[in-house]
Amino acid sequence: MCGIIGIQAHGPVNQALYDGLLVLQHRGQDAAGILTCDDNRIHLRKDNGLVRDVFQERHMLGLKGNMGIGHVRYPTAGCDSPAEAQPFYVNSPFGLALAHNGNLTNAVQIKEELFREDLRHINTESDSEILLNVFAHELQAVARLQLSPNHIFRAVSAVHRRCRGAYAVTMLVTGFGIVAFRDPYGIRPLVCGKRETPRGTEYMFASESVALDVLGFEYLRDVAPGECIVADLHGQLHSQQCAENPMHAPCIFEFVYFARPDSMMDGIYVHKTRLRMGERLAAKIKRVWPNHDIDVVIPIPDTSRTAALQMAYELDLPYREGFIKNRYIGRTFIMPGQAERKRSVRQKLNAIDVEFRKKNVLLVDDSIVRGTTSKQIIQMARDAGAKKVYFASAAPPVRFPNVYGIDMPSVHELIGNGRTEAQIAEVIGADELVYQDLSDLIDAAREGNPKIQKFDASCFNGEYITGDVSKEYLERIENQRSDSAKTHRSTGGQGGGNDLVTAEVLSFPR
């Protein structure tokens, strides 16, 4: 999962891009990058690390220009070095840069086509560089010296015909403007906003609406599945549907875990969705466990708080904060290795023993992926004096890999794969385990926008919305995503890719 941003303004955008990426930091903590354009000259800074660490004052001063794009990345399979940090840039045609959230499921095939047919060389293992080169090739085929929005739309249409999978994109076209588009299913989120200034209208695109709010932009709408929107240098907005058969099917895991609760995506308020998830999970407990002996409801911070609070209300039980979180530790789900995840749980959370002592506690989390974090937290509750520890997941069991941009672990490392709920409870050490039903999760999200008839819920049901995910593809990503494979790459097995990118600001003439 990644966070992307793009701004077309009438003044310097470096600080706004930085502030926007800070707000989207929860979507990726592995690498960050900003690219700006000033008088047809490109300025780029990207490196591994958090936003606050990648950009120092000297870097910000070098990021000149009134339009730019930004990106935050979390570790994905095969993308561990600064060379894979985004944005990516190609100088032909016109000078193009891209920030991408998602994953191409036919990247291997397209990479081969780019080399043999389009005569383009891909320098990294990132499918985002592949996506950029596909667009560049298709734009070159239709572009004229005087570039128009129609040329952009034709190139995006060709991208839709060639590329499969998930992609939400912000692009910078030198001397022209900012381009934003989504795949024909709208799997990954992308919103559009504007603000009025004395010098004219400014436009912004971002993964989540909270970035618009923080920077004072008015939310206009979501970029529709398959749609392309162009914000040109004259402050004009142009849009066109570029996919032949778009179908809105956003990823439901965005609402479970990734998105901030104060965001709205695809017309759905994340906070309200999580409240409804809590309502439905409480209703299930009443239905399947009417004679429960729960004394208190305690969330596992932070994502599950909203659902847990509503569960406590519906069950007429006390809600208590039982864990204190060290906010300087990253999100364990997106940490690259199992050893690091295990270490970070104890560093991240500490139990308030008075809230557990001699009580039957219901711990609530947003989801259970590997189960190792859940197991450690349950043991922490017991160590703090809990009599019994029950566990509730606001999402169904995660049983299948996600192939659309969430780097979930190898399928054999998913605790839900091949186990019943009773077996999962035994593994994590819970006295009782209650999962959200998938139908209830989907209803909780759809209630926010009834126009959406389908969600991608592939990590729960194994149904891949794009219809092109083969057994061979799943086997390939299985080999890439295991903790052993990631450890091999991080200890040098992948090669010397770190030399491919500089950690300083780069400037390229047009």
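## A walk through the predicted model

Start by colouring this predicted model by confidence: the protein chain has a mean pLDDT of 91, and 90% of its residues reach 70 or more. Now select residues 491-510, where pLDDT stays under 50. The model has 42 contacts beyond four places in sequence for that stretch. Where pLDDT is low, the predicted coordinates should not be read in detail.

**Stop 1: a parallel sheet**

Switch to cartoon view and pick out the four strands of an open sheet, which run in the order β16-β19-β20-β21 with parallel pairing. At the edges you will find β16 (296-299) and β21 (432-435); each has a single partner strand, so one side of each is left without a neighbour in the sheet. Look along the sheet to see the twist, which averages 25° from one strand to the next.

Next, zoom in on β16 and β19 (residues 360-365), a parallel pair joined by four bridges. Which residue of β19 stands opposite Ile298? Select Leu363 and you have that partner.

Then show the helices. Helix α9 (residues 270-288) lies across β19, β20 (388-393) and β21, and runs at about 130° to β21. Helix α13 (residues 421-428) also packs on the sheet, where it touches β20 and β21. The direction of α13 makes about 125° with that of β21.

**Stop 2: salt bridges**

Turn on side chains for the charged residues; the structure holds 27 salt bridges. Begin with helix α4 (residues 107-116), which contains both Glu112 and Arg116, four residues apart, or about one turn of the helix. Their closest N and O atoms are 2.2 Å apart. Glu112 is partly exposed at 39% relative accessibility, while Arg116 is exposed at 61%.

Move on to Arg305 and Asp302, a salt bridge whose closest N and O atoms are 2.3 Å apart. Arg305 is partly exposed, with a relative accessible area of 23%, and Asp302 is partly exposed at 28%.

Now select Glu355 and Arg320, whose side chains meet in a salt bridge at 3.9 Å, N to O. Glu355 sits in the loop between β18 (349-351) and β19, and Arg320 in the loop between α10 (305-315) and β17 (323-325), so the pair ties together parts that are 35 residues apart in sequence. Is Glu355 buried or exposed? Glu355 counts as buried, at 17% relative accessibility, whereas Arg320 is partly exposed at 37%.

To finish this stop, select Arg27, Arg188, Glu208 and Glu254 together: salt bridges with shared partners join them into one network.

**Stop 3: aromatic pairs**

Show the aromatic rings, among which there are 12 pairs. Tyr167 and Phe181 have ring centres 6.2 Å apart and planes at 75°, so they form an edge-to-face pair. Tyr167 is in strand β7 (residues 165-173) and Phe181 in strand β8 (residues 177-182), so this pair ties together parts 14 residues apart in sequence. Both Tyr167 and Phe181 are buried.

Phe255 and Phe455 come next: with centres 6.4 Å apart and planes at 85°, this pair is edge-to-face. Here distant parts of the chain are linked, 200 residues apart, with Phe255 in helix α8 (residues 253-258) and Phe455 in the loop between α14 (438-446) and α15 (458-461). Phe255 and Phe455 are both buried.

For the last selection, take Tyr74, Phe253, Tyr257, Phe258 and Phe460, which form one aromatic cluster.

Note on methods:
Residues numbered from 1 in each chain as written. Predicted model: local features only at pLDDT ≥ 70, side-chain atom pairs only at ≥ 80, totals over all residues. Heavy atoms only, no water. pLDDT = per-residue confidence, 0-100. Contact = heavy atoms within 4.5 Å. Pairing = 2+ DSSP bridges. Helix = DSSP H or I, 4+ residues; strand = E, 2+ residues; numbered from the N terminus. Axes fitted to C-alpha atoms, helices over the stretch in contact; angles between N-to-C directions. Salt bridge = Lys/Arg side-chain N within 4 Å of Asp/Glu carboxyl O. Buried < 20%, exposed > 50% of the residue type's maximum accessible area, 1.4 Å probe, protein only. Phe/Tyr/Trp six-rings, centres within 6.5 Å; stacked < 30°, edge-to-face > 60°.
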